[in-house]
Amino acid sequence: MLASTPRLRATLLRIAQSIPVVIGVVVISFLLTRALPGDPAVYFAGVAADTASIEQTRVAMGLDKPLVQQFFIYVGDLLQGDLGQSLSSGRSVAEDLAKRLPASLELTLTALLLAIAIAVPLGVLAATRPGTWVDHLCRVVVTAGVSLPTFFTGILLIYIFYYLLGIAPSPLGRLDFIYLDPDHVTGCYLIDAALMGDWETWRGAAKQLILPASTLALFTLAPVARMTRAAMLTALSSDFIRTARASGLSNQTILYRYAFRNALLPVVTTLGMVFSFALGANVLVEKVFAWPGIGSYAVEALVVSDYAAVQGFVLAMALLFVALNLVIDLLYTAIDPRIGFSSK
Amino acid sequence: MTDKTSRRNFLKMGAAGASVLPFLRAMPAAAQGSDTLVVVTGTTINSLDLHRSGTSRAAYQVGINCYDRLLSFGTKQTADGGFSYDYTVIEPELAESWTESEDGLTLTFKLKPNATFWDGRKVTAADVKWSFDRAVSVGGFPTVQMKAGGLERPDQFEAVDDETFVIKLDRASKLTIPDLAVPVPYIINSVEAAANATEADPWATEYLHMTPAGSGAYKVARWTPGEQLVYERNEDWVGGPLPALKRVVIREVPSPATRRALVERGDVQVAFDIPDKDAAELADKIDVFSTPVENCIHCLCPNFTFEPFQDANVRKAIAYAIPYEDIFQAAAYGRGLPMWGGEEEINDIAWPRKTQYYTDIEKAKELMAASAYADGFDVPLSISLDLASWMEPTALLVQEALGKIGINATIEKIPGANWRTAVLVEKRLPLHLENFGGWLNTPDYYFFWAYQDGHLFNSSNYRNEEIEELTNATLHMPMDDPEYAPKIKRMFEIVLDELPRIPLYQPALNVAMNGAQGYEFWFHRQLDIRPITLT
């Protein structure tokens, strides 16, 4: 059966190939967290702890055991699906990730959709009309997007839309305190609220999302717009477009059927990259908007040497990237039939 | 008349839209009701059980608002019109009355007969005993804090009958009674906890971590770590006057700029622990309470293991070189209290006290010339990245000033996770900034932690036989003992002359309020929501 569906076989092969990567990530994240400077036992023993209570804390945390033994305990727990207990949040890491990863994903995906909706048309327009005002606008937006740090844009947007104009809701995280969280299905409030049919909460969540998503979109649309423009320019100046024009095909057909489709490959690659770095890099946006996402979780865990949380974060990200790369590869084959799995 | 879009119609539409806007903005405020308070803070509540190891400072507020102790402190008015707890006045919370035996070794408490836990069960002396046993047995911070009051072993506690609880002390100490009013010795519903304890976890730390079981003024209605905690009033509370607020929402907002915008607009009523800079700038617009933190001093500490600092002239030269006023303005924006330029003669036992040092570069140079290090030396000046908001400007100014007297200091920034290990446990930093603050507000308690050899906050590795002896002698001595004041004065004299810690200023805890009143400063530096009301 597998032989008859090459795509399924190739997908399974790709997943199998990612297993060594994940094992590597487990080992490296374990070693790296141990190599971090700082002694979590001292930190978690509290402000007025003396040597004896620090030692008690160390034993309670299992940090007095040899490193190899700690590693096997960790792997054993991992195999049972136990990512350990986060000390800084006081809950199991799996629970934390289940709560926070959707928050980050919701924010990043919304921002990315927003960025695509603006950047791709802008890039296409700029490429088809080089040197005109659209092109200049594209350039300005791109430059502003990359040069303004996200925390600055975030605070600026809060200042204008919340503080001065009072249009935006209080930047108090995912939902204002007057709403109750929707029942947990996916963890993405917009989806969960829609599933419950609770449109009041949906609107509340959407309102909270607008400012942080715009901040992040401003940052992420720059590479996407740039890449779209460059890829479109290359595509439009290639021989097959000249041939298409010579054959008298309509502008519309040339632009969307031939040029855009060919330009799409690098754009999708860029999107994959942008998504991965945005997911990790939106920690500053999360801080400014009190967004309980995964970036700020990881940074806080790192600061206090919260081993289990850092390891869980790295592992979750690794798995996410493996999945993301797979999706992008599958997208390639959908966009460009010349790319097949058989060649790999 | 006409449905054509004219300029007039367009403007009308705009006006209608604009008039709706204010109502939209006001809606959340109206929906929250008149007895809900919203507080924003930058720190994470990571457990609902203070006794658990790894519980963050911010989580202490749950111990305060959701649990009762036997005793509490009174309230006093502060200089700036706000309120503060009063260390000198002890008030009952769960205890109705208490007596001390003649020799001070036996304390007998009568519990309030009508006190009940949230589940309706009567609070008994057995609950008190269980809770105290837990605090002295779980280890870590609670055990250390209990020990400070002479409470060390379960056999010291006895439940005589349902309403009588007895503490037996090994020695009488003035710190015992105040130590019963700090957040640690709170009373837990022992029946509920025991029902959820396991063999491996006899003190139910896993259960109480997520589910408080107390008799306090507020219950926890919702808790999402990293996001929010919602308190709901316990209508049957007998520990004090029933709080005015039905619901209190504690929201975690990491960015100080966002917290400031929220409280300035009035969408939240309290911004707790805001930076000095925001406090200074907001003070004209809304209510800002900057209370100097009792028994807490920001210090520059020369480490005695570093050879040049064993020279008294070098330490004094540094004390005269420091630009105190500049530091106070740059690092603290003038919030807090100056700790320099005082009288050399010691006439009172108030602590923190102003030192006799002030900025005088010429005098500093003379002292350096008289020392064994007239040509100067190189030294790293260490600061914590976690505390960079005050340490960084301070360190830069100190560095510049030390350069003038030939000491070449290089600033070394240490990540927060390493800081405690390096500065307090290993005590290996030659020159560093430090900010110990004692919960129990007596000078001897400060000396115990910060000046006695080997103790945690003595990060300068200072040892002076007379200080050792005097601190031990005064630690448990009643403050009205005729011997107390002379001994304390002598202690001040020694450490201000020998300067193992050079006091810079007394920091303040800043709280901004917009639409609420009744804030009370507490030594534990957490928000006690019980006395707060909306305006």
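In this report, helices and strands are the runs that DSSP assigns, of at least four residues for a helix (H or I) and at least two for a strand (E), numbered from the N terminus. The structure is a predicted model of a complex.

**Confidence**

The predictor gives the complex an ipTM of 0.78 and a pTM of 0.83. For chain B, the average pLDDT is 89, and 94% of its residues score at least 70. Within this chain, confidence is highest in strand S18 (residues 502–506) of chain B, at 96, and lowest in helix H1 (residues 7–31) of chain B, at a mean of 40. Over residues 1–32 of chain B, pLDDT stays under 50, and the model has six contacts beyond four places in sequence for this stretch.

**Chain A**

Chain A contains 14 helices and zero strands. Its C-alpha atoms fill a box of roughly 85 × 60 × 40 Å along the principal axes. Of the 344 residues in chain A, 42% are buried. Among contacts between residues at least 6 apart in the sequence of chain A, 70% join residues at least 24 apart.

Helix H13(A) illustrates burial within this chain. Seven of its 10 residues are buried, so H13(A) is largely enclosed by the rest of the structure. The buried residues of H13(A) are Ile294(A), Gly295(A), Ser296(A), Tyr297(A), Ala298(A), Glu300(A) and Ala301(A).

**The contact between the chains**

Between the two chains, 44 residues of chain A are in contact with 42 residues of chain B. On the side of chain A that touches chain B, the elements that give two or more residues are helix H2 (40–44), helix H3 (51–61), helix H7 (150–164), helix H12 (283–288) and helix H13 (294–303) of chain A. H3(A) provides the largest share of that side, five residues. By class, the side of chain A that touches chain B has 26 nonpolar, 13 polar and five charged residues.

**Nonpolar cores**

The largest nonpolar core has 215 residues, and those with the most contacts inside this core are Val224(A) and Val39(B). Helix H9 (residues 199–236) of chain A contributes the largest share of this core, 18 residues. When neighbours within four places in sequence are left aside, Val224(A) is in contact with Ala115(A), Ile116(A), Ala119(A), Val120(A), Val267(A), Thr270(A), Leu271(A) and Val274(A). Another core, of 26 residues, lies apart from the largest one, and its members include Val42(A), Leu87(A), Leu101(A) and Ala417(B).

**A sheet in chain B**

Strands of a sheet pair through backbone hydrogen bonds, either parallel or antiparallel. In chain B, four strands form an open sheet in the order S4-S5-S7-S6, with antiparallel pairing. Strand S4 (95–100) and strand S6 (157–161) of chain B are the edge strands, each pairing on one side only. From one strand to the next, the twist averages 20°.

Strand S5 (residues 106–111) and strand S7 (residues 164–168) of chain B run antiparallel and are joined by five bridges. Phe109(B) stands opposite Phe165(B), which is in S7(B). Helix H3 (residues 125–137) of chain B lies across S5, S6 and S7 of chain B and runs at about 175° to S6(B).

**Local backbone features**

The table lists residues with a positive phi.

| Residue | Phi | Place |
|---|---|---|
| Asp273(B) | about 55° | loop between strand S11 (270–272) and helix H9 (276–282) of chain B |
| Tyr333(B) | about 50° | loop between helix H11 (324–332) and S14 of chain B |
| Ser305(A) | about 55° | just after H13(A) |

Asp273(B) has its positive phi although it is not a glycine, and the same description is given for Tyr333(B), which is not a glycine either. A residue is buried if 20 or more other C-beta atoms lie within 10 Å of its own. Asp273(B) has 20 C-beta neighbours inside 10 Å and therefore counts as buried. Tyr333(B) has 21 C-beta neighbours inside 10 Å, so Tyr333(B) counts as buried.

Chain B also holds a cis peptide bond, which joins Trp351(B) and Pro352(B) with an omega of about 0°. Pro352(B) is placed in the loop between strand S14 (337–338) and helix H12 (361–370) of chain B.

Definitions and conventions
Residues numbered from 1 in each chain as written. Chains lettered and ligands numbered in written order. Predicted model: local features only at pLDDT ≥ 70, side-chain atom pairs only at ≥ 80, totals over all residues. Contact = placed C-beta atoms within 7 Å. Nonpolar A, V, L, I, M, F, W, Y, C, P; charged D, E, K, R; others polar. Pairing = 2+ DSSP bridges. Axes fitted to C-alpha atoms, helices over the stretch in contact; angles between N-to-C directions. Buried ≥ 20, exposed ≤ 12 C-beta atoms within 10 Å, placed from the backbone. pLDDT = per-residue confidence, 0-100. Core = buried A, V, L, I, M, F, W, Y, C linked by C-beta atoms within 7 Å.
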